[in-house]
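User: Please take a close look at one part of this protein for me. I would like the sheets, and what packs around them, in one connected account.

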Amino acid sequence: MTMNRAAFLKSLGFSGSALWVLLTSCQRDTEVIPGPVTNGPVDFILDLLDPANAALRRGNGYVISNGVVVARTMHGSFVAATHICSHEKNQAVIFDDNTFVCTVHGARFDTTGKGLNSLGSRGLRVFKTALNGTALRVFS
Ligand code: FES
């Protein structure tokens with residue numbers, strides 16, 4: 001038998017305003033928390049010879065892997081940032097014109113994660129990259 005949260009709290013003896021406080025206080029835990037996202041450690045390797053990573057063989061190309069946007073700049077260097085935008089946490093960050101861009105509302109970030117407009121003011125978590133032959137390591 002399943003029991004919803006309100007029924008469970010009532011079964012424990014909560015009612016009226018006490019029940020309301022408990023129910024609404026728990027809802028606050030699910031609010032969006034501003035700030036950097038993808039807080040866990042990141043460490044993976046992309047094989048540049050893999051056809052799935054072909055976009056990384058040209059400038060301004062990018063792939064999304066393990067929740068990370070991995071890109072090659074116009075100058076040939078590799079950069080990486082979280083796919084989740086710091087504005088409203090949409091998984092919509094891409095790379096275009098040497099800039100990380102969120103396609104939802106237009107937040108923009110430079111390759112160091114610094115916000116370039118008001119929507120990007122919280123910055124974007126970026127990761128390190130290291131190339132060893134054709135193996136590109138992305139790590140925090
Ligand atoms: S969620 Fe990315 S700009 Fe709003």
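Analyst: What follows is a walk through the two sheets, then the cores and a few single residues. The model is predicted.

Start with the six-stranded sheet. It is open, and its strands run in the order 1-9-8-4-3-2. The pairing is antiparallel. Strands of a sheet pair through backbone hydrogen bonds, either parallel or antiparallel. Strand 1 and strand 2 stand at the edges. Each has a single partner strand, so one side of each is left without a neighbour in the sheet. From one strand to the next, the twist averages 25°.

Look inside this sheet at strand 8 and strand 9. They pair in the antiparallel sense over five bridges. Within that pairing, Lys128 stands opposite Phe139 of strand 9.

Now the packing. The largest nonpolar core has 14 residues. Those with the most contacts inside it are Phe44, Leu56, Val68, Val70 and Val138. Which elements give two or more residues to this core? They are strand 1 (43–47), strand 3 (68–72), strand 4 (78–82) and strand 9 (135–139). A second, separate core has 13 residues, and Val69, Val79, Ala81 and Ala92 are among them.

Val68 is worth a closer look. Setting aside residues up to four places away in sequence, Val68 touches Val42, Phe44, Val63, Ala80, Ala81, His83, Phe127 and Val138. Two of these contacts, Phe44 and Val138, are named with Val68 among the residues with the most contacts inside the largest core.

Asn53 sits off the strands, in the loop between strand 1 and strand 2 (62–65). Is Asn53 buried or exposed? Its relative accessible area is 9%. The cut-off for buried is under 20%, so Asn53 counts as buried. Beyond its neighbours within four places in sequence, Asn53 is in contact with Leu46, Asp47, Leu48 and Val63. Val63 is thus a contact of Asn53 and also of Val68.

Next, the three-stranded sheet. It is open too, with the order 5-6-7 and antiparallel pairing. The edge strands are strand 5 (93–96) and strand 7 (108–109), and each pairs on one side only. Strand 5 and strand 6 (residues 99–102) pair in the antiparallel sense over four bridges. Val93 stands opposite Cys102 in strand 6.

Cys102 is buried, with a relative accessible area of 3%. Cys85 is buried as well, at 1%. The disulfide count for the model comes to zero.

The aromatic side chains come next. A search of the whole structure finds one aromatic pair. How do the rings of Phe95 and Phe100 sit, in centres and planes? Their centres are 5.1 Å apart and their planes are at 65°. Planes over 60 degrees apart count as edge-to-face, so this pair is edge-to-face. Phe95 is buried, and so is Phe100.

Last, Leu116. It is found in the loop between strand 7 and strand 8 (126–132). Leu116 and Phe100 are 16 residues apart in sequence. In space they are 9.6 Å apart, C-alpha to C-alpha. Leu116 is partly exposed, with a relative accessible area of 47%. Leaving aside its neighbours within four places in sequence, Leu116 is in contact with Thr99, Arg108, Phe109 and Asp110.

Notes:
Residues are numbered from 1 along each chain as its sequence is written. This is a predicted model: local features need pLDDT of at least 70, side-chain atom pairs count only at pLDDT 80 or more; totals for chains, interfaces and linings use all residues. Side-chain values use heavy atoms; hydrogens and water are left out. Two strands pair if DSSP finds at least two bridges between them. A nonpolar core is a set of buried Ala, Val, Leu, Ile, Met, Phe, Trp, Tyr and Cys residues joined through side-chain atoms within 4.5 Å. Buried means under 20% relative accessible area, exposed over 50%, partly exposed in between (1.4 Å probe, protein chains only). Contact means heavy atoms within 4.5 Å. Axes are lines fitted to C-alpha atoms, for helices over the stretch in contact, and angles run from 0 to 180 degrees between N-to-C directions. A disulfide is a pair of cysteine sulfur atoms within 2.5 Å. Rings of Phe, Tyr and Trp (its six-membered ring) pair if their centres lie within 6.5 Å; planes under 30 degrees apart count as stacked, over 60 as edge-to-face and the rest as tilted.
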